[in-house]
Number of protein chains: 2
Amino acid sequence: MSLSIKDVALRAGCSIATVSRVLAGKGYIGGDTRQKVEEAVKALGYRPNRVARSLRAAKSRVIGLILSDICNPFFSEISRAVEHVAIRHGYSVLICNADEDPAKEAHYLQLMEEEKVAGILLSPTRSIAKALDFSKFPPLALFDRKFPKAQMDSVVIDNEDAAFRLTRTLIEGGYRNIAGVFGAKSYTAGVRIAGFKAAFEGVEDRMQGVHQAPAFEVEGRRLMQEILELRPAVDAVLCSSALLATGAYQALRERGLRMPDQMGFACFDDPPWAGFVDPSVTVIRQPASAIGEAAAELLMKRIADPTRVVSEIVLQGELIERGSSRRGGGVY
Amino acid sequence: MSLSIKDVALRAGCSIATVSRVLAGKGYIGGDTRQKVEEAVKALGYRPNRVARSLRAAKSRVIGLILSDICNPFFSEISRAVEHVAIRHGYSVLICNADEDPAKEAHYLQLMEEEKVAGILLSPTRSIAKALDFSKFPPLALFDRKFPKAQMDSVVIDNEDAAFRLTRTLIEGGYRNIAGVFGAKSYTAGVRIAGFKAAFEGVEDRMQGVHQAPAFEVEGRRLMQEILELRPAVDAVLCSSALLATGAYQALRERGLRMPDQMGFACFDDPPWAGFVDPSVTVIRQPASAIGEAAAELLMKRIADPTRVVSEIVLQGELIERGSSRRGGGVY
DNA sequence: TAAATGTGTGTAAACGTTTACACATGGAAA
DNA sequence: TTTCCATGTGTAAACGTTTACACACATTTA
């Protein structure tokens, strides 16, 4: 059996209420009482029971983080940032992997509620929006993806603009048949597709179609193979995430296609290999840490003051132009 | 206020004990009572309060996972596997990032105890072993790294053998001045260094020293620059992790060193870029998912039966020989 | 027929906190 | 002197569960 506040009270010669007050630093406490309690705490090595605290307070000092895929470096960087902020505020982080599956996502949301987390950080799939009644949930902040019109704290990058710029880079790089590979389930994908399409204004004939699949490496590979098969004219590809890009790049390499001449390439996120391969790959670098940090801070504020005005933070992606997106003149 | 078992009892017209029994599926329950309770649960949308459960049971349905770095793909793959196993057993996962810092690690261990987690999964830094009295902790299972002699459930790969084989590959690839880059704080590093050294039996003069630093990308880069500076004769490098390798590879590339002729290269883990770069990189692939899964299963069993016999599982790393480790004859 | 066993349900205590309330003391203001 | 407020401490209830114990009734066993 572990120690309780009772043991401390016994040793310090006071009531449990007094011990609690000393620990919480609230109310009036006599100087020598405080001393005796602190002494007892130290001597016994007492540590408060967070579960009991949580029950009493009706909410825990834990925040929930629901990710679509923790193996996606973009999300692992986010979770790292979230965790830092949380710890700084005295919270810990319950992480769940939704695997891009709306059913799992809904299930985890339930779980979080049962665990009485103080707040939830979520990067929602598209379908979840209608399925749930969020008014009954703990404070919620969205990151990376958001609901089209819901009033909710969120941190995203300007995906439409980023996709637009990345696409323009390929167009200006001299490619004439550009295909896009996007995620299937997310709000983000939709917005990026819009940016992608918008970039073709005036050169509509250069767009070679939009392809979608769940954002996993194998899917990127499969999709790329399919594109190569179905649309032999394609001479450039834009990928909507590092994972899709990794798979797509694999497929390209297996075909032995030379970049940047035979094939142009650009993607979202900046995986380590993007800088290593030859030619190196043009990317939109997403400020993952900043996103995670901002979202977590937002959530902390919302927890502290649930009536607070809703804020939607939009960050900018950084275009890093490298050798894979310009025909002829290798930049790198 | 959220619903409690009381509300269900009221609606079903029975006592809270009965509701609890129906929910737990324990004890004798009359057919129509069961029906009425289930009906009430559904109608009200009642979900049990896990915090209260945890308090009563003196432990929660949460397991703690303490990682040295969630951004390390090796560890994110592990956490994904752990989470799957946990969920399957009705547990959720509290993830903490120790950042290779023993102090943080100790702090998180404390936190886990306060949260009354049912068990802890840990990849310990070397220094933690003495600092803590593990007898007072919840069930603990170790992965990736273990304590030299402690009796504790653990899952590791045969690091000595893996390092040995990887080093032999470089030696047999024709390199004459081989340096090693290893992590600084872990048990793993020590074992791998042993394997590295053992591989030079008979050709001791080919070993060009062992370098150590915390396992981050920037450190790998720094260390590699240092080696290039201090030991110009070095013609091959072995890196002990993907992160160190990524940094080291960067440094090599910045120097414009051609592989595999001017420089041989091999590393632990199989990051995506290892297959992309030219020549592609020879690696030891660690079965991260298998490690995570096995460790989590071990922990589940330990939770179910604390008196269970201790098991130490050793998996094998898979040597993937590619072009970066053989002089002259490009394999790929 | 009496005792034993099986089935179904309720009462109340316990888990470890926090906190409203009550009470006691001392000094300052009236 | 009385009243009032500030200070310090204790008692007990509450948070939402689980479960030991008690009880009631029905059926089986001797």
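How many residues surround DNA strand C, and which are the closest? That was my starting point today, with the reminder to myself that this is a predicted model.

**Entry 1: around the DNA.** I found 29 residues surrounding DNA strand C, the closest being Ile5(A), Ala17(A), Ser20(A), Ala17(B) and Gly30(B). I then looked up which elements they belong to. Helix H2 (16-24) and helix H4 (50-57) each supply at least two residues of this surface, and they do so in chain A and in chain B. H2(A) gives the largest share, six residues. Sorting the surface near DNA strand C by class, I noted 16 nonpolar, nine polar and four charged residues.

**Entry 2: the two copies.** Next I laid chain B on chain A. A turn of 180 degrees with a shift of 0.0 Å along the axis does it, at an RMSD of 0.1 Å. The copies are therefore related as by a two-fold rotation axis. Happily for my notes, the same surface serves both copies, as 100% of the contact residues of chain B recur in chain A.

**Entry 3: helix H11 of chain A.** I checked the length of H11 (residues 242-255) in chain A. Its 14 residues should span 20 Å at 1.5 Å a residue, and the end C-alpha atoms are 20 Å apart, so the two agree. Among its buried residues I listed Ala242(A), Leu243(A), Leu244(A), Tyr249(A) and Leu252(A). What covers the buried residues includes H5 (73-88), S6 (178-182), H10 (217-230), S8 (236-239) and S9 (264-268) of chain A, and also helix H12 (272-276) of chain B. Just after the helix I met Gly256(A), with a positive phi near 75 degrees.

Key. Residues are numbered from 1 along each chain as its sequence is written. Chains are lettered from A and ligands numbered from 1 in the order in which they are written. This is a predicted model: local features need pLDDT of at least 70, side-chain atom pairs count only at pLDDT 80 or more; totals for chains, interfaces and linings use all residues. Helices (H or I, at least four residues) and strands (E, at least two) are DSSP runs, numbered from the N terminus. The expected span of a helix is 1.5 Å times one less than its number of residues. A residue is buried if 20 or more other C-beta atoms lie within 10 Å of its own, exposed if 12 or fewer, and partly exposed in between; C-beta atoms are placed from the backbone. Two residues are in contact if their C-beta atoms, placed from the backbone, lie within 7 Å. A residue is near a molecule or strand if its C-beta atom, placed from the backbone, lies within 6 Å of it. Ala, Val, Leu, Ile, Met, Phe, Trp, Tyr, Cys and Pro count as nonpolar, Asp, Glu, Lys and Arg as charged, and the others, Gly among them, as polar. Copies are superposed by least squares on the C-alpha atoms of residues with pLDDT of at least 70 in both.
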